[in-house]
Amino acid sequence: MGYLLQWSRRCSSSSSVVLLPLFLVFFLAILGKSVSVVSALEYFKDMQASSSTLESIQKYLAEINKPAVMSIETPDGIIDCVDKWKQPAFDHPLLKNHTFKLASPELPRPMRTKVEEVKGDYNTPMEALSQGWHKNRTRCPKGTVPIIRVTVEDVLRAGSIQNFQRKPQNTALAALNVNVSISADDDFNIIDLPHEYATVRSKPGTPIHGVTAGINVWNPHVGNEGEMSISQIWVASGQYEFGNLNTIEVGWQVYPRLYRDSKTHLFVYWTADAYRSTGCYNLRCPGFVQVHEEIIVGSILNLVSTISGQQYESLIQVYKDRNTGDWWLAIGAEGTQVGYWPASLFTTLRDSAEEVQWGGEITDTKLDGAHTATEMGSNRFAQEGYAKASYFRQLHVMDSNNVYNKPTDTTIRIDNANCYNLDLGYTLDFLSVHFFYGGPGNNANCP
């Protein structure tokens, strides 16, 4: 796709939108980017973007793309090094007087079986923290945080600013076992796509202060750019029907429409009102506070697993700081703190969570009337096991004393076992409480 309109955030919001196509030709010619002018203009034509729409997008870009101390060209696009005090999070009205935290004072540690104890045919899984922009050895200066720049092309590809920022309302509702029917919305261009899940849910009936798991990382095929494949953790509280469903979501996803490629990306998501008007992916709206100077939410994960080959995983922790109430994201065996969601963003999640989930999710556009060939996990069914099927391992849930325990009161959801399935188990080796999951989608038994 390329880096269309990287200059747009520097343009005045009062600039004539009518001249935008001419600027496209001029700047793309100078910059020599990979996207042709014809394809760029086709986005305007295909999306039938009106002058008011383009003006709205430019206004959004001016707000979300903060002035950069330095910019770096990477496989993710342009990464801007932004003063950590001026990042988008602090535009949120609830964070105007927020005190920036460099790190959580406490990092709870779950009990884990050492990888060295792996027996038999298991090859040691390795951490998948290497990101696309790490290939460029340039790093952001001290006191700044890296943020992927948003372009006009990014927003147009999603169909609207709302689609670009947020999930359609039904995306995680099904995962939370809420039955709701949502029709297409012309203004927001939200399509009620079928979603299918293979998940494990824990709802112990006591306050939850955190969750963790090692998530096997793969690069599944998706049927078309409008479909996605996700492996993630959900932390949730509240109810959709009352409009107070709060969620924090973390994992990896392949979603061409969102990222302009078919690679695997680390992502975060949040909502405080059942996906209606709050929250977004990554840093595409004020909310999540980026802390780490090298790990970027939304960036490409370079290292992915191969069938019968090297396995890569990301150890994800989402936990509540007992002192501040903020929800922190830590990644890796060393618990690298990437950032946090301030407690003030939430209502039902402000004190604790009611349930957590782990698992896979896909969408199906059913373009040809058949089930999608979008893969979940590695594209192999659960029964194929380690190094073939994707996994979540060493599942833990944190209680109100900040102690990690094995999950209780678990339920399994498999929407269509002929397309994707899941097998929950417990072993004494490094997998501990774990499950294998996934599948190829369309096949002889999943037409």
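The legends below describe close-up views of one predicted model.

Residues are numbered from 1 along each chain as its sequence is written, and side-chain values use heavy atoms, with hydrogens and water left out. In this predicted model, local features need pLDDT of at least 70 and side-chain atom pairs count only at pLDDT 80 or more, while totals for chains, interfaces and linings use all residues.

**View 1. The whole chain holds 7 helices and 19 strands.** Helices (H or I, at least four residues) and strands (E, at least two) are DSSP runs, numbered from the N terminus. The chain has 447 residues, and buried ones make up 57% of them. Buried means under 20% relative accessible area, exposed means over 50%, and partly exposed lies in between (1.4 Å probe, protein chains only). The chain exposes about 17900 Å². Carbon and sulfur atoms supply 51% of that area. Accessible areas come from the Shrake-Rupley method with a 1.4 Å probe; for residues, only the protein chains shown count as cover. Among contacts with a separation of 6 or more, 75% come from residues 24 or more positions apart. Contact means heavy atoms within 4.5 Å.

**View 2. An open sheet is built from 6 strands.** The strand order is 9-8-7-14-5-17, with antiparallel pairing. Two strands pair if DSSP finds at least two bridges between them. Strand 9 (265-271) and strand 17 (410-414) stand at the edges, each with a single partner strand, so one side of each is left without a neighbour in the sheet. From one strand to the next, the twist averages 15°. Axes for such angles are lines fitted to C-alpha atoms, for helices over the stretch in contact, and angles run from 0 to 180 degrees between N-to-C directions.

**View 3. Strand 5 meets strand 17.** Strand 5 covers residues 195-202. Its pairing with strand 17 is antiparallel and runs over 5 bridges. Ser-202 stands opposite Thr-410 of strand 17.

**View 4. Asp-80 and Arg-149 form a salt bridge.** Which parts of the chain does this pair link? Asp-80 belongs to strand 2 (residues 77-83), while Arg-149 sits in the loop between strand 4 (144-148) and helix 4 (152-158). The two are 69 residues apart. The N to O distance is 2.8 Å. A salt bridge is a side-chain nitrogen of Lys or Arg within 4 Å of a carboxyl oxygen of Asp or Glu. Asp-80 is buried at 2% relative accessible area. Arg-149 is buried too, at 4%. The structure holds 12 salt bridges.

**View 5. Arg-257 pairs with Glu-225 in a salt bridge.** N and O are 3.7 Å apart here. Arg-257 lies in helix 7 (residues 256-259). Glu-225 lies in the loop between strand 6 (210-216) and strand 7 (229-237). The separation along the chain is 32 residues. Both side chains belong to partly exposed residues: Arg-257 has a relative accessible area of 29%, and Glu-225 has 33%.

**View 6. Lys-366 forms a salt bridge with Asp-364.** The closest N and O atoms are 3.3 Å apart. Are the partners buried or partly exposed? Lys-366 is partly exposed at 40% relative accessibility, whereas Asp-364 is buried at 1%. Elsewhere, salt bridges with shared partners join Asp-154, Arg-157 and Arg-260 into one network.

**View 7. Gln-131 lies in a loop and is buried.** The loop runs between strand 3 (126-127) and strand 4. Relative accessibility of Gln-131 is 1%. A polar atom of the Gln-131 side chain lies 2.8 Å from the backbone nitrogen of Ile-296. Leaving out residues up to four places away in sequence, Gln-131 touches several residues, including Leu-266, Glu-294, Ser-299 and Asn-302.

**View 8. Lys-167 is buried in the loop between helix 5 (161-165) and helix 6 (170-173).** Its relative accessible area is 2%. What does Lys-167 touch beyond residues up to four places away in sequence? The residues are Gln-232, Glu-249, Tyr-269, Tyr-275, Tyr-281 and Glu-361. The C-alpha atoms of Lys-167 and Gly-279 are separated by 9.2 Å, with their positions 112 residues apart along the chain.

**View 9. Ala-274 has a positive phi without being a glycine.** The angle is about 60°. Ala-274 occupies the loop between strand 9 and strand 10 (289-290). Its relative accessible area is 0%, and Ala-274 is buried.

How values were computed: A polar contact is a pair of N or O atoms within 3.5 Å; within protein, one must be able to donate a hydrogen and the other to accept it, and residues adjacent in sequence count only if both atoms are side-chain atoms.
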